[in-house]
Amino acid sequence: MDVHFWNRDLETIDRAALADLQVRRLKETLAAALRTGHYSRRLPRAGIRSPDDVRSLADLARIPFTTKDDLRQSYPRGLLAVDMSEVVRLHTSSGTTGKPTVIYHTRRDIENWADLVARCIVATGARPGDVFQNMMSYGLFTGGLGLHYGAERVGLTVIPVGGGNTKRQLQLMRDFRTTVLHVTPSYLLHISSKLKEEGVALADLALRKAYIGAEPHSENTRLKLQDLLRIDAYNSYGLSEMNGPGVAFECVYKDGMHAWEDAFILEIINPATGEPVPDGEEGELVFTTLQRTATPLLRYRTRDLARVYPEPCRCGRTHRRLSRITGRTDDMLIING
């Protein structure tokens, strides 16, 4: 199977060199965090007044966890580490209950984010010449814009259609020979059910790949989509607090999602005790940003449950792989996506 890299040096970095890089970037993140209202109060109480107070990854345990409640209580600017004149974009949660959460991005943050997503796309075998039809929503939701910028960075031809209007989606797929989709699994199932009704045969289409996400789905759903449309469907993981898409993505082997550890420190903890669990054991995902200047987040508790695959991947990437998300610690209920 052909394996392609966007940044081979970083994607296959030696684990010891990766740890050194993480410590260096963690210090930079701490310096930014100490400029925010939230962390300038929180970190000194934990004995961290300077980035030099953290010397190794073992010192990470000294840093308090950050929660979604911290983000809500810091709304609107309590976690902003730069002047607003440096902010080029922000994304917020819906805020349907209580205060929303907000993540700010500088131009450098957007560039780094696009680069991570480009890495994900190339890992699936997509390349310049592919036509990328983005069926995710654009706007405050991070999914649409996140993959859009990454696909353009790789050199794919992007069709920014957004969600809905199945008849139009099928026309675009046929007329412009779309090869790659970004779509929720439930909507892709709906599209597959409408092919015959709209007079579209699979032979009329050029589809090869689909990036499915933004809602929980089973492995059986993925396999069903692959069989119905004769494509490769790839799982991904992201959350708006960590930019959005681009945190972890499957490679061509589709055997776990590579978490990009040069951009995020990944921890898996026992949700009840906060203590780390060994690779292979299920626990709550915790992430620390390492490349975001506007809104640095330290040890953010995602509430998502997963495990790390301890064995290396056949593709040669050294970044650890995550299982699909198996649940949430807050028993989140999702209806119709």
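Is Arg-230 buried or exposed? In this predicted model, Arg-230 counts as exposed, because its relative accessible area is 68% and the cut-off for that label is over 50%. The residue sits in the loop that links helix H9 to strand E7 (232–239). Its backbone deserves a glance as well: Arg-230 is not a glycine, yet its phi is positive, at about 55 degrees.

Other backbone features turn up along the chain. Asn-165, again a residue other than glycine, has a positive phi near 55 degrees. This asparagine belongs to the loop between strand E4 (157–159) and helix H7. A glycine with a positive phi, Gly-47, comes just after helix H3, and the angle there is about 85 degrees. A peptide bond in the cis form can be found between Tyr-75 and Pro-76, with omega at about 5 degrees. Pro-76 is part of the loop that runs between helix H4 and strand E1 (87–92).

Helix H3 is a good place to learn how a helix can have two faces. A general rule helps here: with 3.6 residues a turn in an α-helix, residues three or four places apart point the same way. Within H3, which spans residues 37–45, the buried residues are His-38, Tyr-39, Arg-42 and Leu-43. These residues lie on the same side of H3, because the arc they cover around the axis is only 95 degrees. Arg-41 and Arg-45 are exposed on the other side of the helix. Among the elements that cover the buried residues of H3 are helices H2 and H4 (68–73).

Helix H8 can be read in a similar way. Pro-185, Tyr-187, Leu-188, Ile-191 and Ser-192 are buried in this helix, which covers residues 185–194. Since they take up an arc of only 160 degrees around the axis, they are on the same side of H8. The cover over the buried residues of H8 includes two helices, H7 (166–175) and H9 (219–229), together with strands E5 (180–183) and E6 (209–212).

Next comes a sheet. Four strands form an open sheet in the order E10-E11-E12-E15, and their pairing is antiparallel. E10 and E15 (327–328) are its edge strands, each paired on one side only. E15 runs antiparallel to E12 (residues 300–306), and two bridges join them. For a reader following the pairing in the structure, Asp-304 can be found opposite Arg-328 of E15.

Edge strand E10 also takes part in the second largest pocket. This pocket holds about 310 Å³ of space. Its lining is made of 21 residues, and those nearest the centre are Ile-265, Leu-266, Glu-267, Ile-268 and Arg-320. Helix H2 (15–33) and strand E10 (264–269) are the elements that give two or more residues to this lining. E10 provides the largest share, with five residues. Sorted by class, the pocket lining contains 11 nonpolar, seven charged and three polar residues.

What about space that is closed off inside the protein? Rolling a probe the size of a water molecule over the atoms shows where empty space is left. In this model, three cavities reach 30 Å³ or more. The largest cavity contains about 60 Å³ of space. Its lining includes Asp-109, Asn-112, Trp-113 and Leu-116, along with Asn-243, Ala-263, Phe-264 and the run Thr-289, Leu-290, Gln-291 and Arg-292. The largest share of this lining comes from helix H5 (residues 107–123), which gives four residues. By class, five of the lining residues are nonpolar, four are polar and two are charged.

The second largest cavity offers about 40 Å³ of space. Around it stand Arg-89, Ile-110, Trp-113, Ala-114, Leu-145, Gly-146 and Tyr-149. At least two of these lining residues come from H5, and at least two from helix H6 (142–154). The lining has five nonpolar residues, with one polar and one charged residue besides. Trp-113 is worth finding in the structure, since this residue lines both the largest cavity and the second largest cavity.

Methods:
Residues are numbered from 1 along each chain as its sequence is written. This is a predicted model: local features need pLDDT of at least 70, side-chain atom pairs count only at pLDDT 80 or more; totals for chains, interfaces and linings use all residues. Side-chain values use heavy atoms; hydrogens and water are left out. On a 1 Å grid over the protein atoms alone, a cavity is a set of points where a 1.4 Å probe fits but cannot get out, and a pocket is an open set with protein on both sides within 12 Å along at least five of seven lines; lining residues have an atom within 4 Å of a point. Grid points are joined across faces, edges and corners, and a volume is the space filled by probe spheres set on the points. Ala, Val, Leu, Ile, Met, Phe, Trp, Tyr, Cys and Pro count as nonpolar, Asp, Glu, Lys and Arg as charged, and the others, Gly among them, as polar. Two strands pair if DSSP finds at least two bridges between them. Buried means under 20% relative accessible area, exposed over 50%, partly exposed in between (1.4 Å probe, protein chains only). The arc is that of the directions from the helix axis to the C-beta atoms. Contact means heavy atoms within 4.5 Å.
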